[in-house]
Amino acid sequence: MPRDIEESDWKALRRFHPQALERFCERVLAQIERVNNDNALSFHRRYRDIFEIVERRDREISRIFDDLKRSNAITMLTQMRANGLLTDEEYFSLSAETRNVVELLLGTS
């Protein structure tokens, strides 16, 4: 859904982007660590589970974070919000107009 985004929100997204990416990666690594530390599973099973996690999460990371440009900003913010990757402080620093569009796309307005 391409649309113009306010300059202040675009700047905020560029500031949030690396932080949200770090949060995402932290979650993935924690998930991998849980699987790796599950001694009830064989090493082969753990390897296969970790491989599946990486494959799935790689698709997610691409969908959420790739192609940072203004025309994708609303979609990116919506995906970040849907995945709990923005803090409330970050989210509520966006303009009311942008938040309204994000909420509409999430079906929460």
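**Arg 81 and the chain around it**

Biologist: In which helix is Arg 81 found?

Modeller: This is a predicted model: local features need pLDDT of at least 70, side-chain atom pairs count only at pLDDT 80 or more, and totals for chains, interfaces and linings use all residues. Residues are numbered from 1 along each chain as its sequence is written, and side-chain values use heavy atoms, with hydrogens and water left out. With helices (DSSP runs of H or I, at least four residues) and strands (E, at least two) numbered from the N terminus, Arg 81 belongs to helix H3.

Biologist: Is Arg 81 buried, partly exposed or exposed?

Modeller: Buried means under 20% relative accessible area, exposed over 50%, and partly exposed in between (1.4 Å probe, protein chains only). Arg 81 has a relative accessibility of 23%, so the class is partly exposed.

Biologist: With which residue does Arg 81 form a salt bridge?

Modeller: A salt bridge needs a side-chain nitrogen of Lys or Arg within 4 Å of a carboxyl oxygen of Asp or Glu. Here the closest N and O atoms are 3.5 Å apart. The partner is exposed, at 51% relative accessible area, and is Asp 88.

Biologist: Which residues join into one network through salt bridges that share partners?

Modeller: One salt bridge in the structure pairs the side chains of Arg 45 and Glu 52, N to O at 3.9 Å. Both count as partly exposed, Arg 45 at 30% and Glu 52 at 42%. Sharing of partners brings in one further residue, and the network consists of Arg 45, Asp 49 and Glu 52.

Biologist: Which residues does Arg 81 touch, not counting those up to four places away in sequence?

Modeller: A contact means heavy atoms within 4.5 Å. With that cut-off, the list includes the salt-bridge partner Asp 88. In full, Arg 81 touches Leu 86, Asp 88, Tyr 91, Phe 92, Val 102, Glu 103 and Leu 106.

Biologist: How far apart in space are Arg 81 and Arg 46?

Modeller: In sequence, 35 residues separate Arg 81 from Arg 46. From C-alpha to C-alpha, the distance is 30 Å.

Biologist: How many residues apart are Glu 7 and Arg 70?

Modeller: The two form a salt bridge with closest N and O atoms 2.6 Å apart. The pair links distant parts of the chain: Glu 7 sits in helix H1 (residues 7–36) and Arg 70 in the loop between helix H2 (43–65) and helix H3 (73–82), a separation of 63 residues. Both are partly exposed, Glu 7 at 39% and Arg 70 at 33%. The number asked for is 63.

Biologist: Why is the protein chain described as more spread out than a compact globule?

Modeller: The chain has 5 helices and 0 strands, in the order α-α-α-α-α. The radius of gyration is taken over C-alpha atoms, and the globule rule is 2.2 Å times the number of residues to the power 0.38. For 109 residues that rule gives 13 Å, and the chain is well over it, so it is more spread out, with a radius of 17 Å.

Biologist: What share of the 109 residues is buried?

Modeller: The C-alpha atoms fill a box of roughly 50 × 25 × 25 Å along the principal axes. Among contacts with a separation of 6 or more, 65% join residues 24 or more positions apart. The buried share of the residues is 36%.
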